[in-house]
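Colleague: Could you take me closely through one helix of this model, residue by residue where you can, and then through a helix pair for comparison of how such a packing is described?

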Amino acid sequence: MRPPDRQRPPVPAEEPAEPTRTRAGTSVLVLCGVGVLLAAADTYVIVLALPEMMVGVGLDADELQRAVPLVSMFLLGYVVVLPLVGRVSDVVGRLPVLTAALLVFTAGSLVTASSDGLAAAVTGRFLQGAGGGALVPVTLALVADLWPPERRGVPLGLVGAVQELGSVLGPLFGAGVLALSDWRAIFWINGVAGTLLLLGTVARRHTAASAAGGGVRPRAGSPDGRPDVAGAALALVALVSAAVALTRPAALERSVAWGELLVPLAGQSAWSTPLALTAAASAAAFVVRELTARRPLLDLRRAPVVVRAADVPGAVLLGAALGGIVVTFATADPAVRLVSPAAPWLLLGSAVAFAAFGWRQRHSRAPLVPAGAVRARPAWGALVVSLLVGAALVAVVVDVPVLARTVLDGADQFDAALVLLRFLVALPVGAVAGGWLVRRLPASLVAGAGMVVAAAGLTAMTTWGAGSLDGVGDDVVLAVTGLGFGLAIAPVNAALLAATPRATHGVASALVVVARMIGMLAGLAALTAIGLRRLYDAQAGIESPAVLCPDSPTACPAYDDALRDAVLAQLHATFAGAAVCAAAAAAAALLLHRRVAAGQENR
């Protein structure tokens, strides 16, 4: 008998009619898209909330380095769970994994909102990243389940669009909430929204399973299709209670009304507090329900099969390898160093974990990435293109605001964000347009053309200086560059999904998201290194104020102009490096991709 992960999912006796399938698939895609948008916005919402959040968790304003885990742990959770989540969705189906992801994201939001210490906030952010990161690849795989290859371009473009839209709405959402309330309200709103999405997803699981045919295994929901609200409620109570009991928020401990929830009932054991006992009781009740219900929420009865087929040890090794890379770059201060002080040890650990993962891939009967999953040229080509797109994209997101504050007189952080908004708004528009074009043109051509446009826009940015960003022409460059990046999103995903077996769509989608994230982190470090080298060279040639302005060295416009020119030289070098990455992405798209004929998807 073949291993469970190599078996094709069961096919229902009757395939639903196409209009019914399309309507049901659209309704589920809307819910998933809102979840992806929520998670993407949460990546950027902390940008404006971080100063207040630092004070709220007991940090001083000058302890920014200690607050780095609030950002890096979100990224860590986002990246390390992706391969395992993608593979599990291939084994048990998409909707159960989406449900679990929303549970974790919601629990993380509530823990973050109620935290008064750094440990609790970091724990909540990690859970948010783990839950939010899981939504993206599973949603991409769900699109492949619900739409045939020749019709999935637009849905993939919409998923990419809402993911990029999060970068626009995240800071705006954070600013709006902070204008009316404090930083905790951001995460309370996330918790409420996550709960509503969780209930909506559970309610639609039966319909989605029927609509997707063999792509989503119909094991979820009650026999009559009603949502398993009780199971979802038990799981959420168990997760939130356990997280709060372990992190012990200071405000809860000091509360007269609720502090007793954290008072041990037996000795000094934290596990005997009412909150911990509530978590244990809720978890036990949830497990009993999962094991006895005819169609439970997550179907824990299949856990042994999932562990064997999803290769959990392999996922742990790959997660450790990716986690080392994330921490290496995400915990560094670019103004001081490009990588973490512990980078040699972290990268050595990643190399060892990668080697162990490669050994397990070759010797496991059911490897995390099944043989042939990304062997086809369009599949691994999509991973290469995604990596290069991430490396080029991060330069625009990070350095355009710096350029705006440098060349615009009196520009503050808000003004710089408005300049970047011209690029960010065009990005989701390009993603939808790319999804529409891929139905009519080869994916390689659309992605390659988009990255050529992006490379041209980045090249134009290398000429910007004093007087730039105040005319329509520069706004057009930013918008066209955003469109170019957006055009590549759907074709890359479409080429990957069309060239990989249907039974591995989940893990393949996870790998393309991982490639983009690693590209952004590594690209930021590499391009920053290039820019800083150019900055140091330019600064070395600047005369002192006493030489440039002997009559008024304390107020020397010539010295200020020279410093500004040095910063511009740094930014120009960074944009030039990003343009090379974009051009390489275009070449990779054209050379490595090939068109997969409609209806000839690799199954």
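Modeller: Leaving aside residues up to four places away in sequence, S386 touches V492, V512, A515 and R516, and I should say at once that the model in which these contacts appear is predicted. S386 is found in helix α15, and because its relative accessibility is 6%, under the 20% cut-off, S386 counts as buried. Helix α15, which covers residues 377-407, also holds V384; with a relative accessibility of 30%, which lies between the 20% and 50% limits, V384 counts as partly exposed. From V384 to A589 the C-alpha to C-alpha distance is 8.5 Å, although 205 residues separate V384 and A589 in sequence.

For the helix pair, the description of two packed helices rests on the angle between their axes and the distance between those axes. Helix α7 (residues 153-180) packs with helix α16 (residues 413-437) at an angle of about 170 degrees, the axes being 6 Å apart; since angles over 145 degrees count as roughly antiparallel, α7 is roughly antiparallel to α16. On the α7 side the contact is made by G153, V154, G157, L158, G160, A161, E164, L165, S167 and V168, while α16 contributes L421, L424, V425, L427, P428, A431, V432, G435 and W436. Sorted by character, the residues of this contact between α7 and α16 comprise 13 nonpolar, five polar and one charged.

Terms used
Residues numbered from 1 in each chain as written. Predicted model: local features only at pLDDT ≥ 70, side-chain atom pairs only at ≥ 80, totals over all residues. Heavy atoms only, no water. Helix = DSSP H or I, 4+ residues; strand = E, 2+ residues; numbered from the N terminus. Buried < 20%, exposed > 50% of the residue type's maximum accessible area, 1.4 Å probe, protein only. Axes fitted to C-alpha atoms, helices over the stretch in contact; angles between N-to-C directions. Parallel < 35°, antiparallel > 145°, perpendicular 65-115°, else oblique. Contact = heavy atoms within 4.5 Å. Nonpolar A, V, L, I, M, F, W, Y, C, P; charged D, E, K, R; others polar.
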